[in-house]
Amino acid sequence: MAVTELVSKCLQARDLAYCPYSRFPVGAALLTADGAIVTGCNVENASYGLTVCAERTAVQRAVAEGHRQFTAIAVTCDIKDRFVGPCGACRQVLMEFGSNWTVYLTKPDGTYIETTLHELLPLPFSPEHLAKN
């Protein structure tokens, strides 16, 4: 899988965002361990706390389709002058499925930087902590 395909899919997903309140569209594209790409966009709700971020939408879709192992995610929003990472809640949800993810933070023009989930969420709480009880 080429990174450009993952980046392209997250940009396409952003265009599908339902964000009438914030007007802040976000798109995500997950790469599963078996090579599938699963996308998500943010879906807002008038009861703001019920809004679901793009990254979590993608994870939920992927899990519902039977995927449990992931290798990368590309995320994007409409901010043009800097790279924006997932919110803290999304970082924690991604960590549920391991820390060994490549993360592509993507600008609207398709430029991206590569980082890792471990870099974005150092010293995380993870399923391993529960196994030690």
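The exchange below asks how the descriptions of this predicted model follow from its computed values.

User: What are the ground rules for the residue numbers and the values here?

Analyst: Residues are numbered from 1 along each chain as its sequence is written. The model is predicted, with local features needing pLDDT of at least 70 and side-chain atom pairs counting only at pLDDT 80 or more, while totals for chains, interfaces and linings use all residues, and side-chain values use heavy atoms, leaving out hydrogens and water.

User: Why is C90 called buried?

Analyst: Buried means under 20% relative accessible area, exposed over 50%, and partly exposed in between, with a 1.4 Å probe and protein chains only. C90 has 1% relative accessibility, and therefore counts as buried. C90 is found in helix α3, where a helix is a DSSP run of H or I with at least four residues, a strand is a run of E with at least two, and both are numbered from the N terminus. Leaving aside neighbours within four places in sequence, C90 is in contact (heavy atoms within 4.5 Å) with C53, E55 and R56.

User: Why is C87 called partly exposed?

Analyst: The relative accessibility of C87 is 34%, so C87 counts as partly exposed. C87 is found in the loop between β3 (70-76) and α3 (88-95).

User: Which residues does UniProt list for "binding site", and how do you know that they cluster in space?

Analyst: The unreviewed UniProt entry lists C53, C87 and C90; these are spread over 38 residues of sequence, yet their largest C-alpha distance is 8.6 Å. C53, C87 and C90 also belong to the lining of the largest pocket. UniProt positions follow the numbering used here, feature names are shortened, and annotations may be inferred rather than shown by experiment.

User: What makes the chain as compact as a globular protein of its length?

Analyst: The globule rule is 2.2 Å times the number of residues to the power 0.38, and the radius of gyration is taken over C-alpha atoms. For 133 residues the rule gives 14 Å, and the radius of gyration of the chain is 14 Å, so the chain is as compact as a globular protein of that length. The C-alpha trace spans about 45 × 40 × 30 Å along its principal axes, and buried residues make up 40% of the 133 residues.

User: How many helices and strands are there, and in what order do the elements run?

Analyst: The chain has five helices and five strands, which run α-β-β-α-β-α-β-β-α-α from the N terminus on.

Terms used: On a 1 Å grid over the protein atoms alone, a cavity is a set of points where a 1.4 Å probe fits but cannot get out, and a pocket is an open set with protein on both sides within 12 Å along at least five of seven lines; lining residues have an atom within 4 Å of a point.
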